[in-house]
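Let's sit down with a protein model and learn to read it one feature at a time. The learner asks, the teacher explains.

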Amino acid sequence: MAVRVQVRNRAPLVRFLLHPAGKTMVAALVALLILSGGVFTYYYVKFSRLIEQRLATGVFPNTSKIFAAPRTIGMGDETTVAEIVSQLRRSGYSESRSNRMGWYHVRPDAVEIFPGPDSYFDNEAGVIKVNGNRVAGIISLRDNTERTQYLLEPELVTNLFDRKREKRRLVKFADIPKVLVDAVVSAEDKRFFQHSGFDPLRVLKAAYIDVKERKNAQGASTVSMQVARLVWLDDERMQRTWRRKLAEIMITLQLEQRLTKEEIFEFYANQVPLGQRGSFGISGFGEAAQVFFGKDISRLTLPEAATIAGVIHAPSATNPFRRPERARNRRNVVLGLMRENGFISDQQYAEAAASPLVLAHSGMEATDAPYFVDLVNEEVQDQFQDKDFQANSYRIYSTIDVNLQRAAAEAVRVGLAETDAALARRRARNPKVPEAQAALVALDPQTGEIKALIGGRNYGASQLNRALAKRQPGSAFKPFVYAAALNTALEGAARVITPASTLVDEPTTFWFDNKPYEPNNFRSKFHGLVTVREALADSMNVPTVKLAEMVGYGAVEELAKKAGMNYNIQATPAIALGAYEVTPIEVAGAYTIFANQGLYVKPNWIKYIRDDRGQSIYEYRAVKRQVLDPRVAYLMVDLLEEVLRSGTGAGVRARGFNLPAAGKTGTSHDGWFAGFTSKLICVVWVGFDDNEELHLEGAHSALPIWAEFMKRAAQYREYRNPKPFDPPEGVVSVEIDPTSGELATSACPTRRAEEFIAGTQPVAMCHVHGGGGSMQVAGWDTQPVEPATGAAPAATVPVQSAGSPPAMINRPPMSVAIPVQPPPQPPEQPKKKKGLFGRIRDIFK
């Protein structure tokens, strides 16, 4: 009976299927199934090929990498095994022997280092032993001999950003600390390591919440689905359509079949967007660790890992720099999830949740050197127009010192705080006063290599590189006037200028091209009769213009251009006071002639470039030329040391920088300070972008930054313990009376050692306090006049012209008899006093 019923029940279905309409429907269903299968197969094959192609060619863009200069580590340096390993990891090393960059092996008291075929070096392996947080031994594994120092692989500064201005630091899964993995899966996909690409429980939970709250707010995407979307469907990231969702599912299925969970997580760790810093997008955990905390990903702490994991959900809303409170709250939510999932204990949660949010002070500025990177990028684009550095993996080895760059960023931050405080007082009266900007350039005086560069206070707000901006240097230019004047001792000039020569500082009108030029001193303060040393130390304007007039404005212009300054400088009286615009980089390069015994070295910032096969395509050759005689250069250094000792730069010493150094303040519309030790030149500019008056002297705007930076630089071995500036052969020191400029006697109340090029020193005893006769100023071109007190013997001195090697020559000293002026007359005889200054001025016309 049951069978008959069943047959009777099926009869209508059979009759329908046998009916032409039924046959048509069946055919349509079969066709639909075949079509669906075909479509599925087509897209499955399509996405399979897409995955294969991306995996074969590389998932991430092939942009060039910019590396810093190698770091030197020496015996006795303070460090730890962990710090050395961290440096090696930042340079691309790992513990895998197959790593082409290089690998290392950690021992309890040492690190064995093995450079690979892609290393910057020539594969010299070594062992660095550490004892008591200091380097206790360095052994070369090439010949098992001891070394005093070892060069570590250059550290990666940044990947040259791609056309989307995204930056990332590629990391391996093995590089990611467990605490960060735990934080990410807790926040984004807690069953990631258990499911097969999809989490049904999460989908149901998200659907329930969306229905309950009547909005589509809950995401059910797993980490695998996010990788499919972020890496393989990047162009469709913002298109929430069913077609994209279907593609996402199909790619997820294949990723789970082809890759391990660790490989999928690695792709995620390198691609996940984590917001903006400045004008750049931050992609991946490696970049975020550097930007947010200024450290390698392997060194992240629990609170830092939770902060990064918390940013993933809403990068803009939880940006730790712009919204620190939101970032901290979200961090604590992630910490709570980690506790719920059993990754951390209650105590660890409590300690981490109570900790403050501590970020890298300067963010990307301190680690990525964005203005410097722009400089490198522009250079390679200009010099190598036939090569695509954004689509190929070139390795660009730059000159930057990452430690010094961090010091520069911090010094600018600290120093500008003082400028901001001063401007705040003015802004209270005038709200339109803009924010001050700054530039800092630090370079090696022997090589011209730029070691640190800051182009502004905030790269994100403005990409204008002030290190390349032309501005009036003011008194920072004056040393070139004084150097041209001291050159008269070697050029056979009728008037020989020495550091003890005297000038009259008084209101003066200079005529040039039938036009008057009337410079003023700072605060209209004049000093009367002063020496060359005093005039430069106190940055007096009128004596400086007088010197330029004596030696010829053309001589000053020629010297400035030989020292690398731009060719718009003109031979006018205004040249003496730095009225013609130059860039901070040009000023830093020009000062090499003082710090480097008269030798100019052109600033440079790229040392070496290799292609993706390791072949060299560029190697920098230094541009050098002799501009000053070493003796003149030394006299200038001695005068510039006086600036820091007793002049406008004395604030450097008051701020605690006491190493041997020389420098010069500058004030125009802006504030400048240019100074150097035997190991480092640093130039600082502070001003407004619109070129309005800063109304702060260089001593109160640029000098604080310079002093802060040099103190920080002195902590590193390359710049520690700079040598005093030793005089070259042919320079003599004699004790003079600063009032008369003649040789001091026992009766002189004040005596001072003064430096001279041999043969130009005074030979007459001080007439004011017990000497007599005339003052003898030695020169080169005429036969000596026998002085009453006896002449100095002929000097054997080295004379070096620009570009030629030094030669020893003998010349008889010239004696130019300059009548000794009577001492100043009492105030009640003004006519005689006026006559005195008149006669002195006539001497130096």
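What follows is a chat that goes from the whole chain to a few of its parts.

Q: Before we zoom in, what kind of model is this, predicted or experimental?
A: It's a predicted model, so keep that in mind throughout.

Q: OK, how many helices and strands are there in the chain?
A: The chain has 25 helices and 32 strands. Of its 845 residues, 53% are buried. You can also ask how far along the sequence the contacts reach: among those between residues at least 6 apart, 67% join residues at least 24 apart.

Q: Let's try a strand. Why is β4 described as largely enclosed by the rest of the structure?
A: Start by counting buried residues. A residue is called buried when its relative accessible area is under 20%. In β4, residues 110–115, six of the six residues are buried, so the strand is largely enclosed by the rest of the structure.

Q: Which residues of β4 sit on one side and which on the other?
A: Ala110, Glu112 and Phe114 are on one side, with Val111, Ile113 and Pro115 on the other. They are all buried, and that's how you can tell that both faces are covered.

Q: And which strands does β4 pair with?
A: Look along each edge of the strand in turn. With β3 (residues 102–107), β4 pairs in the antiparallel sense over six bridges. There, Trp103 stands opposite Phe114, and a hairpin of two residues joins β3 to β4. With β5 (residues 126–131), β4 also runs antiparallel, joined by four bridges. In that pairing Ala110 stands opposite Lys129.

Q: How do I describe two helices that pack together?
A: Here's the general idea: two packed helices are described by the angle between their axes and the distance between the axes. Now take α4 (residues 178–188) and α10 (residues 302–311): they pack at an angle of about 35°, and their axes are 8 Å apart. The crossing of α4 past α10 is right-handed.

Q: Which residues of α4 and α10 meet?
A: From α4 you have Val179, Leu180, Ala183, Val184 and Ala187; from α10, Leu302, Ala305, Ala306, Ile308 and Ala309. Sort the residues of this contact by type and you get 10 nonpolar, no polar and no charged.

Q: Staying in α10, is Glu304 buried or exposed?
A: Glu304, which lies in helix α10, counts as buried because its relative accessibility is 13%. A polar atom of its side chain lies 3.0 Å from the backbone nitrogen of Thr301. Leaving aside neighbours within four places in sequence, Glu304 is in contact with Phe293, Lys295 and Arg299.

Q: Now a sheet. What is the order of the five strands in the open one?
A: Read across the sheet, strand by strand: β15-β14-β26-β25-β24, with antiparallel pairing. The edge strands, β15 (450–454) and β24 (662–667), each pair on one side only. From one strand to the next, the twist averages 5°. For a closer look at one pair, β24 and β25 (residues 671–676) are antiparallel over six bridges, and Lys664 stands opposite Ala674.

Q: Which helices lie across strands of that sheet?
A: One of them is α15 (residues 402–429), which lies across β14, β15 and β26 and runs at about 35° to β15. Another is α22 (residues 630–646), lying across β24 and β25 at about 65° to β24.

Q: What comes after α22, and where does Ala650 lie?
A: Ala650 lies in the loop between α22 and α23. Its relative accessible area is 27%, so Ala650 is partly exposed. Setting aside neighbours within four places in sequence, Ala650 is in contact with Val643, Leu644 and Arg645. Ala650 and Gly663 are 13 residues apart in sequence, and their C-alpha atoms are 9.9 Å apart in space.

Q: One last helix: which residues of α19 are buried?
A: In α19 (residues 553–562), Tyr553, Val556, Glu557, Leu559, Ala560 and Lys561 are buried. The next step is to see what they face: these buried residues pack against α16, β17, α18, α21 and β23. Just after α19, check the backbone too, where Gly564 takes a positive phi of about 90°.

Key:
Residues numbered from 1 in each chain as written. Predicted model: local features only at pLDDT ≥ 70, side-chain atom pairs only at ≥ 80, totals over all residues. Heavy atoms only, no water. Buried < 20%, exposed > 50% of the residue type's maximum accessible area, 1.4 Å probe, protein only. Contact = heavy atoms within 4.5 Å. Pairing = 2+ DSSP bridges. Axes fitted to C-alpha atoms, helices over the stretch in contact; angles between N-to-C directions. Left-handed = near helix turned anticlockwise from the far one by under 90°. Nonpolar A, V, L, I, M, F, W, Y, C, P; charged D, E, K, R; others polar. Polar contact = N/O pair within 3.5 Å; in protein donor to acceptor, adjacent residues only side chain to side chain.
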